[in-house]
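User: I'd like a close look at a single part of this predicted model. Take your time and walk me through how that part sits among its neighbours.

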Amino acid sequence: MLRRFALTAAASVAALAALPATAQATAPTAAPTDRLTVTVTDSGGEGDGTYELNCHPTGGTHPNAAEACARLDEVTVWGTDPFAPVPPDSMCTMQYGGPATAHITGTWQGRPVDATYDRSNGCEISRWDGLVPVLPATSA
């Protein structure tokens with residue numbers, strides 16, 4: 001048994017030594033699986049623009065990346081889509097929350113995201129506000 005262990009260990013060391021130095025020194029690094037592009041217009045503040053948001057690990061150009069990732073983690077519940085549109089048969093208040101619009105694309109939790117946001121009625125305002133700070137708080 002000890003001889004088999006010694007032979008296996010020796011074979012493993014020999015196989016590792018045969019690898020190029022770059023293969024030995026670098027381990028594969030996984031790209032973030034949660035990567036979003038957030039585009040905001042007419043929010044009435046400094047939130048307008050296009051931002052990259054990476055989570056797990058946190059990064060990108062989003063001005064509040066850590067808080068945005070924490071919010072997405074908070075609203076992500078198994079079996080639901082945190083980016084789902086307002087259902088078409090919803091009863092929404094007829095209020096106007098301003099001209100702000102947003103578009104979020106990318107991948108979240110291994111699933112593609114392509115969601116649009118506005119503040120055209122009470123349901124859409126609530127949907128927007130539920131993603132702050134992914135989307136900026138508006139001044140309207």
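What covers the buried residues of H4?

Analyst: Keep in mind that this is a predicted model. The cover over the buried residues of H4 includes S1, S4 and S5. Let's start with the helix and then turn to the strands.

H4 spans residues 122-129 and packs on the sheet, where it touches S1, S4 and S5. Its direction makes about 125° with that of S5. Six of the eight residues of H4 are buried, so the helix is largely enclosed by the rest of the structure. Those six are Gly122, Cys123, Glu124, Ile125, Arg127 and Trp128.

At the start of H4, Asn121 has a side-chain oxygen that reaches to within 2.9 Å of the backbone nitrogen of Cys123. Cys123 is itself on the list of buried H4 residues.

Now for the loop between S5 and H4, which is where you'll find Arg119. With a relative accessible area of 5%, Arg119 counts as buried because the cut-off is under 20%. Its side chain makes polar contacts with two other side chains: one with Asp129, at 2.9 Å, and one with Thr138, at 3.3 Å. Asp129 takes us back to H4, as the helix runs over residues 122-129.

On to the sheet that H4 packs on. It's an open one, with five strands in the order S3-S2-S1-S4-S5 and antiparallel pairing. S3 (59-60) and S5 (111-118) are the edge strands, each pairing on one side only. So of the strands H4 touches, S5 is an edge strand, while S1 sits between S2 and S4 in the order.

S1 covers residues 34-41 and is joined to S2 (residues 49-55) by seven bridges, the two running antiparallel. Asp34 in S1 stands opposite Cys55 in S2. Towards S4 (residues 101-108), S1 again pairs in the antiparallel sense, over seven bridges, and here Leu36 stands opposite Gly106.

The side chains of S1 alternate along the strand. Asp34, Leu36, Val38 and Val40 point to one face and are buried, whereas Arg35, Thr37, Thr39 and Thr41 point to the other and are not. That's the usual pattern: in a regular strand the side chains alternate between the two faces of the sheet.

One more helix belongs in this picture. H3 (residues 65-75) lies across S1, S2, S3 and S4, and runs at about 65° to S2. S1 and S4 are thus named for both helices: H3 lies across them, and H4 touches them.

Terms used. Residues numbered from 1 in each chain as written. Predicted model: local features only at pLDDT ≥ 70, side-chain atom pairs only at ≥ 80, totals over all residues. Heavy atoms only, no water. Buried < 20%, exposed > 50% of the residue type's maximum accessible area, 1.4 Å probe, protein only. Helix = DSSP H or I, 4+ residues; strand = E, 2+ residues; numbered from the N terminus. Contact = heavy atoms within 4.5 Å. Axes fitted to C-alpha atoms, helices over the stretch in contact; angles between N-to-C directions. Polar contact = N/O pair within 3.5 Å; in protein donor to acceptor, adjacent residues only side chain to side chain.
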